[in-house]
Amino acid sequence: MWAGSGRWGLRERRGRGRLLGMRTAHRVETVRAAEADLMARLPHGALMQRAAAGLAAACCSLLGKGRVYGARVVLLVGSGDNGGDALYAGARLARRGAGVTAVLLGERAHDGGLAALRAAGGRVADEPFAPLARADLVLDGITGIGGRGGLRPDAVPVARAARGSDAVVVAVDLPSGVDADTGEVHGEALRADATITFGTYKPGLLVDPAREYAGALRLVDIGLGEVLPGVPDLEALQHEDLARLLPAPGAESDKYRRGVVGILAGSARYPGAAVLAVAGALRGGAGAVRYVGHAGDAVIAAHPETLVHPGPPDKAGRVQSWVVGPGLGEGPGAGVAVAEVLASDVPVLVDADGLRGLAPDAVRARTAPTLLTPHAGEAAALLGVAREEVEAGRLAAVRELAGRFGATVLLKGSTTVVCGADGGPVRVNPTGTSWLATAGSGDVLSGLAGSLLAAGLPALDAASCAAYLHGLAARRVAEDGAPVTATEVADSLRGAWRDVTAGA
């Protein structure tokens, strides 16, 4: 199954279709150890042949039925095993009638792969640019998962020529020039239309900025699952995971058994933040929403089912979770509100203005779970670094924040990632749309996640499910390619919930 999308129209079965199983990713060190273990059990070269067979089959599907014979294929070959995979795959394509040309970019090419290509009728180019100008498909086997620091200078003009051609560019395991473990891109990298990865996903394929270089993804099973450890480095939930995790009322449920979420948000200046947070909370599975703050009239006008109280929070009535921060403003009252909510003994979500000046000790002192939901700028302020550093290294940033605060952290952005307080696998959200970068959408997300906390989900699951539903709802609204509003996203949450639970 293809995942993601490239300029060649490849689409994952997301949105209203059912997805099949949690996607997992493993770091290079783990993959290397698993490959060594598996190779010790197999005949010499068998693992590379499995990879090459899957790679060639994927290339055939990209070229299209009946278009392999006579197709012009160019292999960009480095000196590592990725170059060997490309050469053996090229040999298989040549035996099916494709015209295959190898461009050797490393100090030496894989001997067996090069011999196989020549035996199948492939050839080695004297120069790269003429073959690339005529290519139908280019295989990027320049660097493998161990590559660091972008493309070497001599490979840059070749990569640019490949990207500037009309060919489908297919990365072998991952695009050359990206960091497999972190998703960072230091220097120039080759942007692919599709990436064929082997055995398991690599973290960089699922996290921006590297994710944008990978195009559509396809995982080829080479038997690595037999030897990979049970705990991955990254996870990406799918529909069936959400269907298993989301709360559902039983026959004896009432609004209090289903959970009550408290919302402390909004101000005279920003009443809309309160309205949107409550909108998300009402659609998040809890039985009731209590609102405390200065926007009670606006909240009641928009959502008459809300229980409104003037405050303080500890006098508002029983809740099973609190959401604090959206639209509180910059005054001293915001800090007081956060402190009052953190003093409670229920799960607390802190967002937006509530994150300003938040002290790690205040969070670590809590006995109940805490969920922080910063965007990159807020995360940078909490870490004392530049926003650009967070955006370039999202995995490192979310892990650092979770460790420093002893909290679950949902880091919003082009790739939303969630790290639990225990520092386990990071969850990468696979849904969403660039139209979601709109005012108020984060307020809806906070209310939704807080409601899932009140309904009894652990912080990691509440954050992951909320991000998934939030992104899916935005996709539903943006199906016609038009801009979306936060209110529309909130209104679409019910349909998104139905999508993931239908048939479960």
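In the predicted model, L264 of strand β11 has V324 as its bridge partner in β14. Strands here are DSSP runs of E with at least two residues, helices are runs of H or I with at least four, and both are numbered from the N terminus. Residues are numbered from 1 along each chain as its sequence is written. Because the model is predicted, local features need pLDDT of at least 70 and side-chain atom pairs count only at pLDDT 80 or more, while totals for chains, interfaces and linings use all residues; side-chain values use heavy atoms, with hydrogens and water left out.

Strand β11 (residues 260–264) and β14 (residues 321–324) run parallel and are joined by 4 bridges; two strands pair if DSSP finds at least two bridges between them. A further 5 bridges join β11 to β12 (residues 288–292), also in parallel. The chain passes from β11 to β12 through helix α10 (residues 271–282) in a right-handed β-α-β crossover (with the strands pointing away from the viewer, the path from the first strand over the helix to the second runs clockwise). In β12, Y291 is the bridge partner of I263. Of the 5 residues of β11, 5 are buried (under 20% relative accessible area, with a 1.4 Å probe and protein chains only). V260, G262 and L264 point one way from the strand, and V261 and I263 point the other way.

Helix α2 (46–63) is largely enclosed by the rest of the structure, because 13 of its 18 residues are buried. The end C-alpha atoms of α2 are 26 Å apart, which agrees with the 26 Å expected for 18 residues at 1.5 Å a residue (1.5 Å times one less than the number of residues). Just after α2, G64 takes a positive phi of about 100°.

Helix α2 also contributes to the second largest pocket, as do α1 (28–39) and α3 (81–95), each with at least two lining residues. A pocket is an open set of points on a 1 Å grid over the protein atoms alone, with protein on both sides within 12 Å along at least five of seven lines; in a cavity, a 1.4 Å probe fits but cannot get out, and lining residues have an atom within 4 Å of a point. This pocket holds about 590 Å³, a volume being the space filled by probe spheres set on grid points joined across faces, edges and corners. Of its 33 lining residues, M39, M48, D81, N82 and D85 are the closest to the centre.

The whole structure has 1 cavity of 30 Å³ or more, with about 60 Å³ of space. Helix α18 (459–477) supplies the largest share of its lining, 3 residues.

Conventions: Buried means under 20% relative accessible area, exposed over 50%, partly exposed in between (1.4 Å probe, protein chains only).
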